[in-house]
Amino acid sequence: MDALLIVFASGLISLFAAFAKKPWLVVGSAMAGLLAAIIVIIGQLQTGKAFFDFLKYEGLAFDQVALLFSLAICVLTLLIVGIGYERFKENPVHTGEYIGLLLFSATGAMIMTAYTDMFMFFLGLEILSIPIYVMAGSNKADVRSSEASLKYFLTGSFATGVFLFGLAWVYGATGTFKLQEIQLKIQEMDTLSPILMIGVLLIMASFIFKVGAAPFHFWSPDVYDGAPPAVTGFMASVVKIAAFFAFLKMFAFCFGRGELYDFWKGALVVMIVITLFVGNLSALRQVKFKRLLAYSSITHVGYTLLLFVSQGDVAGTLWFYMFSYGFSIVGIIAVAIAVNDSEDRIEGLRGLGKRNPFLAIVGIVALLSLAGIPPTSGFFAKYILFSSAWENASWLVIIALINSGISIYYYLKVLVTIASPAEQEQEKIKLSPLTIAVLTIALVGMLGFSFILPFLY
Amino acid sequence: MALLLFILPVFFALSVLIIPKQGVRAYGIIGSLAVLGVVIACMMQYNNDGTVHLFVNQPWLAGITMSFGYDGISLIMLLLTAVLVPLVLVSNFKNELAENRLFTSMVFFMQLGLIGVFISMDGLWFYVFWEITLIPIFLISWWFGAPERKAALMKFFIYTFVGSLAMLAALIGIKVNAPSFYIEDLKAVVFTSKTACWLALGFFLAFAIKIPVFPFHTWQPDTYTKSPMAGTMLLSGIMLKMALYGMIRWMIPLFPEAVACLQWPVIILATIGVVYGAVIAIKQKDMKRVFAFASMSHVGLIAAAIMVWDFDALSGSMVQIVNHGLVAVGLFLAVEIIERRTGTRNLNDLGGFAKQAPKFAFWFAALAFASVSVPLTSGFIGEFLMLKGLVQFDMIVGIVAGTTLILGAVYTFRAYQLSMYGPVTRDQFADLHWSELLVLAVIIIAVVILGVYPALITDFVNPSLKIVLETISTPSGL
């Protein structure tokens, strides 16, 4: 709760700081707020005490797991604000809005990690989504950005409608919004009511939409491509963490009863397979960097969905996976921002090794981590994910492994483009100290996260 | 002490990046010699009782353990790595490549991966290091290889990566039944022979692609030809040996139940590879391709001999692993020497160098003899023991595999004769540079010493092999 308030407050402060027309002031207050939130969360994880304990609102419960996910959200938001700063400050009038909106969206994400009733969940979802609709269109001069914004808004609000519709069915079947009571009611039912089943399916559809899995993935390449890179990074990392954890909580906790599980598992398994193949096969022939990233992210959603059919410490696995995925996304997005190719071609990355060796190393490590090649944390995360799913669905894991094999092609293609020399001499890329600091954190995260992890447990 | 095996390569790989250009050559060689020193020190400490000496053993994350250690088999592989890396660097001495910081750094990363493979006693770490080796070798070949290398290298990377994924699937499959990835825990799992076959197949796919066993070899000749000389040396000298080592250490001890169903198919495929590689090598024009196929033929024989899973055959294959590592590096250096001076590897355009470069002719001939395993070279001991095992296993397989001795002589001496004898084709052909001479001499001397006194290897390896063999029942019982 403390961290939530801090992030919200610093969002407000950065909005007002924008009146000074000094971008560094905005970014400074935002980063200070996020840092404070991170420190508070770590403190709360260790002591178990919150300062604003008296504000205990029933709809939100920041337990250990919710705190861990909030931590991931704050850290990744911090990194993304850091790498996005160079772009945001190009337009000093609006810097405050961009960064403020990012922070508000992060607030929504944190609410989604801690919700205990569906009402709060819906609020969190909306607080998360609406700023992103705006952010996706923040590049007003670019037609594609406006297109992305409109597309995301229309389809996104439609998905929200579907979610509400499903929620209404579930409410009809159980008569409550509270997670615990829903779970209890479902356990007590003699036979599952069809009303509930319809509701669960509709909720699942909206979830699949929000994380961008096939067959509801069509918005994501366009939106990823059109939105400013930092927003793309935010969508690929923070939004996914929140959506995945929130729905995992809902499905594993509320809808986990045997027959119901078997019911939605069937639908989900089919979608996992489709998602993996659609994401990978479409990515093979992409020539645009961010579109490639979008399809690769669809594939990663497919891997992550395996968690819904796994057993063991599912939340912990999700946390580790999304965290390490987030680090790679930060690295990749930083490359996209620094290269600043208006046409966003993969070929534009050619010669990056000469233009800025550090950036090239970050990019290469990030790609290796996305592809799941040891010793990056992406590999360990993928391994833990797959091994937790093996018992329940070993054939799905094998399909996922085959897809890892396919995906290596396009990651490798980008990787060698970065490593190859350019035809003509290109100007060097200068990185600001802030970007270098953020990238160093991301690099350490990608290479060393899995090595630090045992000490955190 | 043994931790230096990790620390030194990482240290040199990173520090070489900030060394001034003139110093890179010497720095690389000093670094690789330092690693060699550590390996020798480890060998001195090892009391040769055949057991695995763990120097780190701690539980880590999600059932993965930090278990690193070595026994006789690992030590011989480590020694091979530690000897070959300085040889590769020295043989590059005259090239501009040796000045390249990135190149030297990648060689050290490669060494790190190889060392890791040989001392990991934990399934997942084995996999991790196995994959780590892939990236530096890919980048070395990508950056410094022949102009039309790209398609071949993509194929190489994807091919081997997909093979490794099969191994990962098998590892996950076995881990589900075991408390941790520690090798003894994995060995303790008992499977029905059907499951064991599937899981062992996952391992075999990864190894078969790396070795390469027929019909998984299609990446190999192109990758060898398109890689720079150092890359080819690393690939054929050490990287193939990872897979052979993996068969001895992991595949069969983990799935003894699978030997029954895999033994025949693997031996047949490997034997086909022996003959197929040799026959194709005879017809090649490109000298590097000759030795690429030759390498496939030689390692096919080792793979077949390992699958026989007989004490003598295993012992012989360890000798042959060392021998092939040394000889392959030497042969590719010989090709490189010719290419450096004439700009071509096409056998039809070459000839007559024996007159112009007698020193080179002598050492190349010695290498050719070592390659065809004449007595008094270590290849003889190795091939003799392996063929003995194969003949005992099945007479026909033994005879077919035995043709390698004849075919090997044909392609090796054909390449030698076409390049060294005949009418003089070039106005001048400079004789060996001291760095080239050094590498060739070290290799030949080592091969002859091991040929006269193979106990240097077998004394080290045999106790460990005995233990590996004892942990599973004899093949006749399977």
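Trainee: What span should the 14 residues of helix H16 (residues 358–371) of chain B have at 1.5 Å a residue?

Mentor: This is a predicted model, in which local features need pLDDT of at least 70, side-chain atom pairs count only at pLDDT 80 or more, and totals for chains, interfaces and linings use all residues. Residues are numbered from 1 along each chain as its sequence is written, while chains are lettered from A and ligands numbered from 1 in the order in which they are written. The end C-alpha atoms of H16(B), a DSSP run (H or I, at least four residues; strands are E, at least two), are 20 Å apart. That agrees with the expected span (1.5 Å times one less than the number of residues), which is 20 Å.

Trainee: Against which helices of chain B do the buried residues of H16(B) pack?

Mentor: The buried residues (20 or more other C-beta atoms within 10 Å of their own) of H16(B) include B:Phe360, B:Trp363, B:Phe364 and B:Leu367. B:Ala366, B:Ala368, B:Phe369, B:Ala370 and B:Ser371 are also buried. Their partners are H14 (311–342), H15 (353–356), H17 (378–393), H18 (395–420) and H19 (434–452).

Trainee: Which residue just after H16(B) takes a positive phi?

Mentor: H16(B) runs over residues 358–371. Just after H16(B), a phi of about 60° is taken by B:Ser373.

Trainee: In the hairpin of S1(B) and S2(B), which residue takes a positive phi?

Mentor: S1 (residues 53–59) and S2 (residues 65–70) of chain B pair (at least two DSSP bridges) in the antiparallel sense over six bridges. B:Leu54 has B:Gly69 as its bridge partner, and B:Val56 has B:Phe68. Five residues lie between the strands, and the residue with a phi near 50° is B:Ala62.

Trainee: Are H3(A) and H10(A) roughly parallel or antiparallel?

Mentor: H3 (residues 64–88) and H10 (residues 229–254) of chain A have axes 9 Å apart and pack at about 170°. Among the residues that meet are A:Phe69, A:Leu76 and A:Arg87 in H3(A) and A:Phe234, A:Ile241 and A:Phe245 in H10(A). The angle is over 145 degrees, which makes H3(A) relative to H10(A) roughly antiparallel.

Trainee: Which helix supplies the largest share of the side of chain B that touches chain A?

Mentor: Here 24 residues of chain B are in contact (C-beta atoms, placed from the backbone, within 7 Å) with 23 residues of chain A. H5 (123–132), H6 (134–144) and H7 (150–175) of chain B each supply at least two residues of that side. The largest share, 11 residues, comes from H7(B).

Conventions. Contact = placed C-beta atoms within 7 Å. Buried ≥ 20, exposed ≤ 12 C-beta atoms within 10 Å, placed from the backbone. Axes fitted to C-alpha atoms, helices over the stretch in contact; angles between N-to-C directions. Parallel < 35°, antiparallel > 145°, perpendicular 65-115°, else oblique.
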